[in-house]
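Okay, thanks everyone for coming. I'd like to walk you through one model today, mostly by way of its helices. Have a look at it first.

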Amino acid sequence: MKIAIVILNWNGKSLLERFLPSVIAYSPNAEIYVADNASTDTSVAYVQEQFKEAKIIQNSENGGYAKGYNDALKHIMSDVYVLLNSDVQVTEGWLKPMIALFDNPLVGAAQPKIKDLKKPTHFEYAGAAGGYLDAFGYPFCRGRIFDTCEEDTGQYNDTREVQWASGACLFVRAPYFWQAGALDETFFAHQEEIDLCWRLRNMGYQVLASGDSEVLHLGGATLPSENPKKTFYNFRNTLFNVMKNVKGIRAFFIVFSRLILDAIAGLKYLFAGKPKHLLAIVKAHFSFYYHLPSLLVNRMTLKHPTPYAQTFSIVWKYFVQKKQYFKDL
């Protein structure tokens, strides 16, 4: 099986210096690519000089995560793509158990356990041990609900089907990636992997989280959590996901409910002295309505949607019922 590990880079020389060596050292028999999103620093020259094992693909613009990967992957012939963030440190033996999952032709995508590089005993925010969605489209994970990240005590060492795998370390079968329509470039950044996994599942393929492999993620290296842009993309792209992938009138019910829930979140930001995040939520909704006509066209191709695995509100369970761990849901 041919494996291509593809690291998207934008002005990330310091990250490549720190994390690319582990990828090269612990990824035997895999081709390693650095896909550069029109960087203006010296990162491309650095990789060319220091890491002959890594191939460079130079994109013509910084199109974000989705377009950056779509543009780069067109140039790569492989059976499985590994979309790996530039701030991920892989571990010895991480690759073999992940690739073994793809012996099953029903497996479309997968992720390892993703732990916090700054606190390696705990799971990391971006994916933890596999992702889910609540009844209103809010993403959460085994091992991470909102800002609560669990300690890894082996509770998620199994391999199981999940709703989405993290874009921080996303294994995806190459033919299925293109069959599903690749990454949606209107997302630009954040949650486009949720949309891709949702479409793969709608096509009848499985998305898995494996407890037999783990990587360490720095997190926030490209867009820190305190940046209002992150709030904008997260709120808007959740609405994109719902409208694209939920069949029937339920999608419109969820969007209406999110109007109320997002307004509450905006007020919470305001009272916390973060008015820019409130403005980001408002902009997210206006951007969603602007894109609504094209989203409605996409809905017409939705033939066999997978049902929601969850019927509860993670907001209610976490903030009202104080259930902060996955096992308590």
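I'll go through some of the helices and then a few loop residues.

One thing up front: this is a predicted model.

Let's start with helix α9, residues 275-299. That's 25 residues, and from the first C-alpha to the last α9 reaches 34 Å, close to the 36 Å you'd expect at 1.5 Å a residue. There is a kink in α9, though. Where does the kink lie? At leucine 292, with an angle of about 55°, shortly before proline 293.

Now, which residues of α9 are buried? His277, Ala280, Ile281, Ala284, His285, Ser287, Phe288, His291, Leu295 and Arg299. Keep a general point in mind as you scan that list: an α-helix has 3.6 residues a turn, so residues three or four places apart point the same way. As for what covers the buried residues of α9, the cover includes α7, residues 228-245, and α8, residues 250-271.

So let's take those two neighbours in turn. With packed helices, we describe the pair by the angle between the axes and the distance between them. For α8 and α9, the angle is about 165° and the axes are 8 Å apart. That makes α8 roughly antiparallel to α9. The crossing is right-handed.

If you want to find the contact on your screen, the α8 side includes Phe252, Val255, Leu259 and Tyr269. Across from them, the α9 residues include Leu278, Ile281, Phe288 and Leu296. There are charged residues in the contact too, among them Arg258 and Asp262 from α8 and Arg299 from α9.

Then α7. Its axis comes within 8 Å of the α9 axis, and the two cross at roughly 30°. That makes α7 roughly parallel to α9. This crossing is right-handed.

While we're here, zoom in on leucine 278, which sits in α9. Leucine 278 has a relative accessible area of 24%, so it counts as partly exposed. What does leucine 278 touch, if we skip residues up to four places away in sequence? Gly266, Leu267, Tyr269 and Leu270. There's also a long-range pairing to point out: leucine 278 and threonine 231 are 47 residues apart in sequence, but 8.8 Å apart in space, C-alpha to C-alpha.

Okay, over to the other end of the sequence and helix α1, residues 13-25. The 13 residues of α1 should span 18 Å at 1.5 Å a residue, and the end C-alpha atoms are 18 Å apart, which agrees. α1 has a bend as well, about 40° at phenylalanine 19, with proline 21 following within four residues.

The buried residues in α1 are Leu15, Leu16, Phe19, Leu20, Ser22, Val23 and Ile24. Their cover includes strands β1, β2, β4 and β5, along with helix α2.

How do α1 and α2 sit relative to each other? Their axes come within 9 Å and cross at roughly 30°, so they are roughly parallel. It's a right-handed crossing. Lys13, Leu16, Glu17 and Leu20 from α1 meet Ser43, Tyr46 and Val47 from α2.

Just along from there is proline 28, in the loop between α1 and β2. Is proline 28 buried or exposed? Exposed, because its relative accessibility is 56%. Proline 28 is 68 residues from lysine 96 in sequence, and 9.4 Å from lysine 96 in space, C-alpha to C-alpha.

Next, helix α6, residues 192-202. How many of its residues are buried? 11 of the 11, so α6 is largely enclosed by the rest of the structure. That list includes Glu192, Glu193, Asp195, Arg199 and Arg201, as well as Ile194, Leu196 and Trp198.

Both sides of α6 have something to check in the backbone. After α6 comes glycine 204, with a positive phi near 100°. In the loop between α5 and α6 you'll find glutamine 191, and its phi is positive too, near 70°. Most residues other than glycine have a negative phi. Glutamine 191 is at 9% relative accessibility, so it counts as buried.

Last one: phenylalanine 146, in the loop between β10 and β11. Phenylalanine 146 has a positive phi near 50°.

That's my tour, so over to you for questions.

Notes. Residues are numbered from 1 along each chain as its sequence is written. This is a predicted model: local features need pLDDT of at least 70, side-chain atom pairs count only at pLDDT 80 or more; totals for chains, interfaces and linings use all residues. Side-chain values use heavy atoms; hydrogens and water are left out. The expected span of a helix is 1.5 Å times one less than its number of residues. The bend at a residue is the angle between axes fitted to the seven residues ending there and the seven starting there. Buried means under 20% relative accessible area, exposed over 50%, partly exposed in between (1.4 Å probe, protein chains only). Contact means heavy atoms within 4.5 Å. Axes are lines fitted to C-alpha atoms, for helices over the stretch in contact, and angles run from 0 to 180 degrees between N-to-C directions. Angles under 35 degrees count as roughly parallel, over 145 as roughly antiparallel, 65 to 115 as roughly perpendicular and the rest as oblique. A crossing is left-handed if the near helix is turned anticlockwise from the far one by less than a right angle, and right-handed if clockwise.
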